[in-house]
Amino acid sequence: MNRRTFFVLLGVPGAGKGTQAKLLEDRLGLPQISTGDIFRYNLKNKTELGLLAQSYMDKGELVPDEVTIRMVEDRLQQADALQGAILDGFPRNLIQAEALDQMTAPYGGVSLVPLIHISDEDAMLRITGRRVCRSCGAVYHIEFNPPKKEGVCGLDGGELYQRDDDKPETVRNRLYVYYKQTSPLVGYYFAKGLLVELDGNRSIESVQSELMELLAEKEVAQ
Ligand code: AP5
Ligand code: MG
């Protein structure tokens, strides 16, 4: 069997999944696959998928499973995912988790599921202060991880913007949707022996070091 490595990052909106996935991508040589980023890319390019996704994202609701699952299936077949991937924001309910099990079964299944814990109050603070680079998607925070120059990405000089769904009322619904639909995945992956839990209420670097230690401990990364 051609074994591949698939990490699923779990955590409430704002837990730091995207931030950690981008750092892991460089260290492990696996691509970050963020369903939220793919929807935003499609929205920017005004594709049919982007326009469909927007109506759900604006409300903080999940985009329908059929569309999302097909999109991830296609993405996992691209050349850069031949060794595996870091999944960020997928799966988000049990139907998606079962679909991912089927997609990855020929390659040994999901390897490990790190769950990043932060409080809901911290999630609100992190999300409402988040800024994202319009061109490369790098993630900043006006207070916790500020760019060197205000409003400008330190990596490629792109413009930093605030996501439309980062308004407090939408964030509250995203948290509600997380607890209702995504949190059952904690039990799902625990029962499979794949869950590892981390305290996300520390510096970005310290969460990253612990993540690397956990991956090495479980022998899913060197
Ligand atoms: P998505 O883009 O996945 O958003 P999310 O899950 O709500 O998660 P976030 O991106 O808000 O948080 P994050 O954990 O990545 O945190 P980040 O690293 O940015 O999804 C958006 C929408 O798309 C959904 O609502 C849905 O509509 C749709 N969608 C996506 N996937 C779907 C799916 N599978 N099915 C159906 N629909 C789907 O960090 C947050 C902030 O905190 C940043 O400012 C960062 O700089 C800061 N920060 C990070 N770490 C730290 C730290 N350790 N200390 C201090 N600050 C920190
Ligand atoms: Mg994210």
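Helices and strands in this talk are DSSP runs numbered from the N terminus, with at least four residues of H or I for a helix and at least two residues of E for a strand. Good morning, colleagues. The structure before you is a predicted model. I shall begin with strand S6 and ligand 1, then turn to the second largest pocket, and close with the backbone.

Val-139 belongs to strand S6, a strand that spans residues 139-141. Is Val-139 buried, partly exposed or exposed? Its relative accessible area is 28%, and because buried means under 20% and exposed over 50%, Val-139 is classed as partly exposed. Gly-16 is 123 residues away from Val-139 along the chain, yet the two C-alpha atoms are separated by 9.6 Å.

I turn now to the ligand. Which residues come nearest to ligand 1? There are 35 residues around ligand 1, and Thr-19, Glu-61, Arg-92, Arg-130 and Arg-174 come nearest. By class, the shell divides into 12 nonpolar, 13 polar and 10 charged residues.

Three side chains may be described in detail. Thr-19 places a polar side-chain atom 2.5 Å from an oxygen atom of ligand 1. For Arg-40, a polar side-chain atom lies 2.8 Å from an oxygen atom of ligand 1. Arg-126 has a polar side-chain atom 3.4 Å from a nitrogen atom of the ligand. How much of ligand 1 does the protein bury? Taken alone, ligand 1 exposes 1000 Å², and the protein buries 96% of that. Helix H1 (17-28), helix H2 (35-44) and strand S6 are the elements that give two or more residues to this shell. The largest share, 4 residues, comes from H2.

Helix H2 leads us to the second largest pocket. The volume of this pocket is about 560 Å³. Its lining comprises 22 residues, and those nearest the pocket centre are Asp-37, Arg-40, Tyr-41, Lys-44 and Tyr-161. Arg-40 therefore appears for a second time in this talk, as its side chain also has a polar atom 2.8 Å from a ligand oxygen, within the 3.5 Å limit for a polar contact. Which elements supply at least two residues of the pocket lining? They are H2, H3 and strand S5 (130-133). Helix H2 gives the largest share here, namely 7 residues. In terms of class, the lining has 8 nonpolar, 5 polar and 9 charged residues.

Let us look at H2 and its surroundings residue by residue. Ser-34 lies in strand S2, which covers residues 32-34. Ser-34 is buried, because its relative accessible area is 7%. The side chain of Ser-34 reaches the backbone nitrogen of Asp-37 at a distance of 2.9 Å.

Within helix H2 we find Asn-42. With a relative accessible area of 12%, Asn-42 is likewise buried. A polar atom of the Asn-42 side chain lies 2.9 Å from the backbone oxygen of Ile-38.

Ile-38 also serves as a reference point for helix H3. Leu-49, a residue of H3, is 11 residues from Ile-38 along the chain, and their C-alpha atoms are separated by 9.6 Å. Leu-49 is partly exposed, because its relative accessible area is 23%.

Between H2 and helix H3 (48-57) there is a loop, and Lys-46 is located there. Most residues other than glycine have a negative phi. The phi of Lys-46, by contrast, is positive, near 50 degrees. Is Lys-46 buried or exposed? It is exposed, because its relative accessible area is 66%.

A further backbone feature concerns a peptide bond. Most peptide bonds are trans. Phe-90 and Pro-91, however, are joined by a cis peptide bond, with omega about 0 degrees. Where is Pro-91 found? Pro-91 lies in the loop between strand S3 (84-88) and helix H5 (94-104).

Finally, I draw your attention to Met-212 in helix H9, residues 204-217. Met-212 counts as buried, because its relative accessibility is 16%. Its C-alpha atom is separated by 8.1 Å from that of Leu-24, although their positions lie 188 residues apart along the chain as a sequence separation.

To conclude, helix H2 gives the largest share of the shell around ligand 1, and H2 also gives the largest share of the lining of the second largest pocket. Thank you for your attention.

Methods:
Residues are numbered from 1 along each chain as its sequence is written. Chains are lettered from A and ligands numbered from 1 in the order in which they are written. This is a predicted model: local features need pLDDT of at least 70, side-chain atom pairs count only at pLDDT 80 or more; totals for chains, interfaces and linings use all residues. Side-chain values use heavy atoms; hydrogens and water are left out. A residue is near a molecule or strand if one of its heavy atoms lies within 4 Å of it. A polar contact is a pair of N or O atoms within 3.5 Å; within protein, one must be able to donate a hydrogen and the other to accept it, and residues adjacent in sequence count only if both atoms are side-chain atoms. Accessible areas come from the Shrake-Rupley method with a 1.4 Å probe; for residues, only the protein chains shown count as cover. Ala, Val, Leu, Ile, Met, Phe, Trp, Tyr, Cys and Pro count as nonpolar, Asp, Glu, Lys and Arg as charged, and the others, Gly among them, as polar. Buried means under 20% relative accessible area, exposed over 50%, partly exposed in between (1.4 Å probe, protein chains only). On a 1 Å grid over the protein atoms alone, a cavity is a set of points where a 1.4 Å probe fits but cannot get out, and a pocket is an open set with protein on both sides within 12 Å along at least five of seven lines; lining residues have an atom within 4 Å of a point. Grid points are joined across faces, edges and corners, and a volume is the space filled by probe spheres set on the points.
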